[in-house]
Amino acid sequence: MKKHLGTALTTVAMIAGVALLGFLAWSWWQSRLPGNYDVMSYGAIDDGGAQPIAHDHFGVASLTGPKGKPDYKVTLTAEKAPVRLTSGQEVNAWTFNGGAPGPELRIRQGDLVQVTLVNKDIGDGVTIHWHGLDVPNAEDGVAGVTQNAVEPGGRYVYRFRPEQVGTFWYHTHQDASQGVKQGLFGALVIGPKHRPRGLDLALPVHTFSGRTAIGTHDDVWRKAVQPGTPVRLRLINTDSASAQFQLVGMLPSVVAIDGADIAPARVPAGEPIEIGAGGRYDIAFRMPNGVASVEVENSKAALALSPDGTGNPTAAPSGPAFDPAARAQAKPVLQGAHFDRTFQLTISKKVGFLNGRPGRHWALNGELYPRVPMFEVAKGDLVRINLTNDSSSVHPMHLHGHHFLVLTRNGKAVSPWSTDTLLMLPHERYSVALRANNPGLWMLHCHNLQHAADGLTMHLMYAGVTTPYRAGKSAHNDPE
Ligand code: C2O
Ligand code: CU
């Protein structure tokens, strides 16, 4: 009797073991990405509670910028080149026109822009994405979604007419976690038709091989400025981690976030500015009769403005960061508004296989890339997204082609602001609104580009859209 029971138990255990192995093998097998694939064929379509009607069918390649004679023309050539930081340190960078950052593009609102991208020798391929500019979909620069990566020897022409005024940046969106880190990015400023007087500086911050720099200044950047001069500083975080900036010796106000003006908000003394990966803050103040400095925390990089250009930055005690949600209350907006659809987006970690790799991976609504949700909208919709960061990491969530209007944080109404890169701290919840007014197939991903490469990426699609491009190794397209 005992013996029979023992045999039966062993048999059951063996069957269970084989079943488990079979399940694991199957999970592994079906998680593997094919050599190339249409990003639209994987995502699980989520219509946000209402079936969007496709009034027509269109391919992303048809959604191009305006034709005609450009007002602003530039060629950006991607090439490998050594870049010398101001401390003397040389880094092997991937550059645009020999520099990292690439050239600062200053464009006037309403100008027709034409940028020719040439790839000299970046073997992985290159594209240009205009981070924060709501350009037509075919100009968005996402390899495998809106175009093919430009291979060495190739070129691609981007055309758009920016109507937004503010601080943006551009960067490659082919193997972005590598390419941006290596230096394929630059500052992009859209100015009003009449440029105001004063000093206006774009400050792209980047960490090159462990050295943080403002532009190429990895030590103190000194500049002479007449007292009384109006100063506008455009802080751009091009790294994958958040950056904190100390503002000392001036009375600064935040005047814009992510390329959209806000009512000027005074920054109390000792409050650093925290900017998530990919985000921008514009700071304005009147030049004092002394040293006004901006320091990037945990680095040697700083900007020191002074009347004679010889000043040193002075460290200040650093308190909790400036909180855009807690600005003097602008009225809550869209209360009681009718949303055409509402999406939930929860970020967590989950054990499973990501493209055949076992581990704890990022999951969106409980699914691993590429079987993540794909939000489907129709043109004109007012859309609500409830985002939950159910993880202990920071996620700056970036949507292409649109801006989020922040409505609530952790269930409480906030002083609303417009953002394209929403910094979500661990376990935070946000509710945002957007107007679906830019048809296409758009990325929605974490701008910690390593997170994105590890699967924290998905798409927002307009009903009726298709893409002729394919992602994957054999297609040589890897957006993240
Ligand atoms: Cu700045 Cu999808 O990126
Ligand atoms: Cu992230």
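P370 sits in the loop that runs between β23 (357–364) and β24 (373–377). The peptide bond joining Y369 to P370 is cis, with omega at about 0 degrees. This is a predicted model, and the values below are computed from it.

A cis peptide bond is also found between A100 and P101, where omega is about 0 degrees. P101 belongs to the loop between β4 (90–96) and β5 (105–108).

Two residues that are not glycine have a positive phi: for D175 the angle is about 45 degrees, and for N298 the angle is about 60 degrees. Is D175 buried or exposed? Its relative accessibility is 16%, under the 20% limit, so D175 counts as buried. N298 has a relative accessible area of 82%, over the 50% limit, and therefore counts as exposed. D175 is placed in the loop between β9 (166–171) and α2 (176–182), whereas N298 is in the loop between β20 (292–296) and β21 (302–306).

A61 is a further loop residue, placed between β2 (58–59) and β3 (72–84). Its relative accessibility of 36% lies between the 20% and 50% limits, so A61 is partly exposed. Leaving out residues up to four places away in sequence, A61 touches A138, P468 and Y469. The C-alpha atoms of A61 and F185 are separated by 24 Å, and the two residues are 124 apart along the chain.

The table lists the loop positions of these residues.

| Residue | Element before the loop | Element after the loop |
|---|---|---|
| A61 | β2 (58–59) | β3 (72–84) |
| P101 | β4 (90–96) | β5 (105–108) |
| D175 | β9 (166–171) | α2 (176–182) |
| N298 | β20 (292–296) | β21 (302–306) |
| P370 | β23 (357–364) | β24 (373–377) |

For the chain as a whole, the secondary structure comes to 3 helices and 34 strands. The C-alpha trace spans about 95 × 55 × 55 Å along its principal axes. How does the radius of gyration of the chain stand against that of a compact globule? For 480 residues the globule value would be near 23 Å, and the chain has 24 Å, which agrees.

Of contacts between residues at least 6 apart in sequence, 75% join residues at least 24 apart. Of the 480 residues, 55% count as buried. The exposed area of the chain is about 20,200 Å², of which carbon and sulfur atoms supply 54%. Charged side chains number 43 positive and 40 negative, and the centres of the two sets lie 1 Å apart.

In soluble globular proteins, nonpolar side chains tend to be buried together. Here the largest nonpolar core has 82 residues, and I273 and I385 have the most contacts inside it. The strand that gives the most to this core is β32 (residues 441–446), with 5 residues. Which residues does I385 contact, leaving aside neighbours within four places in sequence? They are F343, L345, F375, F404, Y430, S431, V432 and L434. A second core, separate from this one, has 25 residues, and L76, F96, V113 and F168 are among them.

How values were computed. Residues are numbered from 1 along each chain as its sequence is written. Chains are lettered from A and ligands numbered from 1 in the order in which they are written. This is a predicted model: local features need pLDDT of at least 70, side-chain atom pairs count only at pLDDT 80 or more; totals for chains, interfaces and linings use all residues. Side-chain values use heavy atoms; hydrogens and water are left out. Helices (H or I, at least four residues) and strands (E, at least two) are DSSP runs, numbered from the N terminus. The radius of gyration is taken over C-alpha atoms; the globule rule is 2.2 Å times the number of residues to the power 0.38. Buried means under 20% relative accessible area, exposed over 50%, partly exposed in between (1.4 Å probe, protein chains only). Contact means heavy atoms within 4.5 Å. Accessible areas come from the Shrake-Rupley method with a 1.4 Å probe; for residues, only the protein chains shown count as cover. Lys and Arg count as positive and Asp and Glu as negative; His and the chain ends are not counted. The place of a charge is taken as NZ of Lys, CZ of Arg, CG of Asp or CD of Glu. A nonpolar core is a set of buried Ala, Val, Leu, Ile, Met, Phe, Trp, Tyr and Cys residues joined through side-chain atoms within 4.5 Å.
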